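Here are my notes for you to read with the model open beside them. Take the points one at a time and find each residue as you go.

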Amino acid sequence: MQQPNKRGRPRDPKTQQAILAASYELLLEVGFGAVTVEKIAERAGVSKATIYKWWPNKAAVVMDGFLSAASARLPVPDTGDVFEDIRIHAMNVTRFLTSSEGKIITALVGEGQFDAGLAEAYRTRYFQPRRQEAKGILEKGVRRGQLQKTLDVGLGVDLLYGPIFYRLLVTGEPLDDDYVHRLVTSGFEGIRECGDRRGDAQ
């Protein structure tokens, strides 16, 4: 999880956790649009100034509250096999996104179309870290010799994870374990072919 802005005096862990818990509870109860820094401060028993010392805006503290509650559900696997690691990681991401908690992300993406601060917060605090995790898995596969050294890792992540978010945010088609397994199986054929073609071109 990306850390809040480090401003002012060092953060007290108990106070920080109270703020994160309050922001998450309010997000679940009333939705992002109705959450305010005032309400977070009141529930956490702190001043607005305390929140603004550690976070630049409402979107940042709400996203960090959400991720603080959700991060334990998204461990990064390391089985020794890149295919299996990606399959497990993609399945965990999909299961989370389709859970009652994960559906908050869909709502936040919608809100982010009208709130640049929120869009920046969920990109930097949620989507980019998940992307870096997936890139790390593929890079480890390259180092192990399980994938071509010529693989475009960023493109590989797009091929493997892009369809999940397309279904989630655009088509609304079902997302289940069987779909993710078929997607990763087909996607790996594609990224192996991409790696081979880049190698032939060099």
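**Notes on the predicted model**

1. Let's start with the largest pocket. Its lining is made up of Val 93, Phe 127, Gln 128, Arg 130, Arg 131, Ala 134, Val 157, Asp 158, Tyr 161, Gly 162 and Phe 165. Keep in mind that this is a predicted model.

2. What sort of residues are these? Six of the lining residues are nonpolar, two are polar and three are charged. H7 and helix H8 (153–171) each give at least two residues to the lining. As for the space inside, the largest pocket holds about 210 Å³.

3. Now zoom out to the whole chain. You'll count nine helices and zero strands, so to speak in shorthand, the pattern along the sequence reads α-α-α-α-α-α-α-α-α. The protein chain has 202 residues, and 45% of them count as buried. Its accessible surface comes to about 10300 Å², with 50% of that belonging to carbon and sulfur atoms.

4. Don't read the chain just as a row of neighbours. Take the contacts with a separation of 6 or more: 69% of them are between residues 24 or more positions apart.

5. Next, the inside. The largest nonpolar core has 63 residues, and Met 63, Leu 138 and Phe 188 are those with the most contacts inside it. Helix H7 (residues 116–143) provides the largest share of this core, ten residues.

6. Which residues does Leu 138 touch, once residues up to four places away in sequence are left out? The list is Val 82, Ile 86, Leu 147, Val 153, Gly 156, Val 157, Leu 160, Phe 188 and Ile 191. Phe 188 is worth a second look, as it is also named among the residues with the most contacts inside the core.

7. Lys 135 is found in helix H7 too. Is Lys 135 buried or partly exposed? Its relative accessible area is 22%, and because buried means under 20%, Lys 135 counts as partly exposed. Leaving aside neighbours within four places in sequence, Lys 135 is in contact with Val 153 and Val 157. You've met Val 157 already, in the lining of the largest pocket. The C-alpha atoms of Lys 135 and Leu 155 are separated by 9.6 Å, with the two residues 20 apart along the chain.

8. Over to helix H1 (residues 13–30), where you'll find Leu 26. Leu 26 counts as buried because its relative accessibility is 5%, and the cut-off for buried is under 20%. Beyond its neighbours within four places in sequence, Leu 26 is in contact with Gly 31, Val 35, Lys 39, Ile 40 and Arg 43. Val 62 is 36 residues away from Leu 26 along the chain, and their C-alpha atoms are 8.9 Å apart.

9. Last stop: Val 61, in helix H4 (residues 58–70). Why does Val 61 count as buried? Because its relative accessibility is 0%. Setting aside residues up to four places away in sequence, Val 61 touches Ile 19, Leu 20, Ser 23, Ile 40 and Trp 55. Try the pair Val 61 and Ser 23 on your screen: they sit 38 residues apart in sequence, yet 7.0 Å apart in space, C-alpha to C-alpha. Ile 40 should ring a bell, since Leu 26 is in contact with Ile 40, and Val 61 touches Ile 40.

Terms used. Residues numbered from 1 in each chain as written. Predicted model: local features only at pLDDT ≥ 70, side-chain atom pairs only at ≥ 80, totals over all residues. Heavy atoms only, no water. Core = buried A, V, L, I, M, F, W, Y, C linked by side-chain atoms within 4.5 Å. Buried < 20%, exposed > 50% of the residue type's maximum accessible area, 1.4 Å probe, protein only. Helix = DSSP H or I, 4+ residues; strand = E, 2+ residues; numbered from the N terminus. Contact = heavy atoms within 4.5 Å. 1 Å grid on protein atoms, 1.4 Å probe; cavity = no way out; pocket = protein on both sides within 12 Å on 5 of 7 lines; lining within 4 Å. Points joined across faces, edges and corners; volume = space filled by probe spheres on them. Nonpolar A, V, L, I, M, F, W, Y, C, P; charged D, E, K, R; others polar. Areas by Shrake-Rupley, 256 points an atom, 1.4 Å probe, with all protein chains shown as cover.
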